[in-house]
Amino acid sequence: MRVLLIGANGYIGRFVADRLLADPAVQLTVLGRGDDADVRFDLATGSPGALTRFLDAVHPGVVVNCAGATRGGARDLTRHNTVAVATVCEALRRSGCGARLVQVGCSAEYGPSQPGSSTAEDAVPRPGGPYGVSKLAATELVLGSGLDAVVLRVFSPAGPGTPAGSPLGRLAEAMRRAMQSGDGELRLGGLGAQRDFIDVRDVARAVHAASLSAAQGVINIGSGRAVRLRDAAATLARVAGYGGALHELDGPPGALRPTIGHPRTETMSHRVDSLGHHRSDALGHHRPEPLGIRGDRADAEHVAPVAHPYPDGCGSWQQADVRTARDRLGWRPRIALEESLADIWMEAACRI
């Protein structure tokens with residue numbers, strides 16, 4: 001089976017490429033903007049006609065699209081996430097290859113959901129930001145194309161290769177700095193959001209399974225369990241061997257902290273014990289903003305705003321209903337969040 005992979009240099013695309021290359025039955029061709037692609041092509045600016053000619057020449061049985069943008073303004077997000085997918089769909093319609101399309105979508109397409117609920121594929125999408133809108137528009141283009149196509153709505157990917165600017169990447173970097181400087185306390189803001197973290201290697205397995213299946217429509221890819229970011233921080237502290245205290249800063253998203261020197265009035269302290277558990281708890285995904293993470297030695301005049309860690313328009317809660325992936329793809333998540341966090345920490349620790 002010849003597979004054309006678009007976006008192999010991205011966070012998810014790299015692991016999809018590894019997974020496909022490990023299958024001896026797959027002949028992989030990579031299309032992208034980088035010099036290491038088999039064919040250089042920019043979906044955001046290239047014409048459907050040019051892509052059609054390439055498809056007719058290569059004649060893939062499956063096209064996997066992992067390309068897209070998580071950062072930038074509405075114009076850039078639309079160009080890279082929506083116009084690019086329109087180009088792929090139009091080229092496939094014109095081509096005689098008859099390839100199946102596997103489109104990697106995002107849970108930001110759903111928007112806010114009710115705390116405690118699991119979001120199924122039949123939920124009405126209500127994206128709350130330009131990233132989710134651009135990805136939802138791409139999904140609608142795929143579903144309305146008449147192609148043999150499936151969209152995998154990936155929830156919050158984690159694990160090796162996690163971008164340093166993502167919430168989990170910033171947590172690991174803040175902890176690395178605290179351990180390097182000997183800080184016994186770490187103050188963090190915006191940890192109340194709960195997200196469904198799924199290891200990027202499990203995502204790659206899902207893409208592989210979707211490539212081999214006949215499933216169509218939208219399929220959620222997640223762990224099926226929402227986790228508070230503050231609990232992920234406690235687990236990260238345990239796997240890192242950080243024995244200090246985590247102080248969570250109160251305050252609404254975007255509010256400036258006038259001082260960081262009075263934890264009784266502005267923080268809720270969470271002492272991490274040997275098992276990584278909090279002594280106290282409280283109720284509290286694509287383009288991350290500053291997390292409001294500061295070491296204990298930070299000067300008050302340099303304190304960053306306390307920001308919501310996931311300004312993705314999805315509110316305080318996301319959790320996937322993953323029964324469709326189990327039933328139609330034969331896929332289940334295998335890698336626990338603790339292992340994903342350990343891999344994130346290993347990469348962060350190597351920067352010491």
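**Figure 1. The largest nonpolar core of the predicted model.** This core holds 35 residues, and those touching the most other members are Val 16, Val 64, Leu 152, Ile 221 and Leu 329. Helix α6, residues 200-212, gives the most to the core, with seven residues. In soluble globular proteins, nonpolar side chains tend to be buried together.

**Figure 2. Surroundings of Leu 152.** Neighbours within four places in sequence are left aside here. Leu 152 is then in contact with Val 102, Gln 103, Val 104, Gly 105 and Cys 106, with Ala 206, Val 207 and Ala 210, and with Ile 219, Ile 221 and Leu 329. A second core, separate from the one in Figure 1, has 29 residues, including Ala 91, Leu 92, Val 151 and Val 218.

**Figure 3. The buried residues of helix α2 and what covers them.** Helix α2 spans residues 48-58, and its buried residues are Gly 49, Leu 51, Thr 52, Phe 54, Leu 55 and Val 58. The elements covering these residues include the strands β1 (2-6), β2 (27-32), β3 (39-40) and β4 (62-65), together with helix α3 (74-94). His 59, just after α2, takes a positive phi of about 55°.

**Figure 4. A salt bridge within helix α3.** Arg 93 pairs with Glu 90, and their closest N and O atoms are 2.6 Å apart. Both residues lie in α3, three residues apart, which is about one turn of the helix. Arg 93 counts as partly exposed at 42% relative accessibility, and Glu 90 is also partly exposed, at 23%.

**Figure 5. A salt bridge within helix α5.** The side chains of Arg 177 and Glu 173 meet with an N to O distance of 3.8 Å. The two residues are separated by about one helical turn because they are four residues apart in α5, residues 167-181. Arg 177 is partly exposed, with a relative accessibility of 40%. Glu 173, at 17%, counts as buried, because the cut-off for buried is under 20%.

**Figure 6. A buried salt-bridge pair within helix α6.** Arg 205 and Asp 202 form a salt bridge through their side chains, 2.8 Å from N to O. They are three residues apart in α6, so about one helical turn separates them. An α-helix has 3.6 residues a turn, so residues three or four places apart point the same way. Arg 205 is buried, with a relative accessible area of 12%, and Asp 202 is buried at 1%. Elsewhere, Glu 90, Arg 93 and Arg 94 are joined into one network by salt bridges that share partners. The model has 16 salt bridges.

Methods
Residues numbered from 1 in each chain as written. Predicted model: local features only at pLDDT ≥ 70, side-chain atom pairs only at ≥ 80, totals over all residues. Heavy atoms only, no water. Core = buried A, V, L, I, M, F, W, Y, C linked by side-chain atoms within 4.5 Å. Buried < 20%, exposed > 50% of the residue type's maximum accessible area, 1.4 Å probe, protein only. Contact = heavy atoms within 4.5 Å. Salt bridge = Lys/Arg side-chain N within 4 Å of Asp/Glu carboxyl O.
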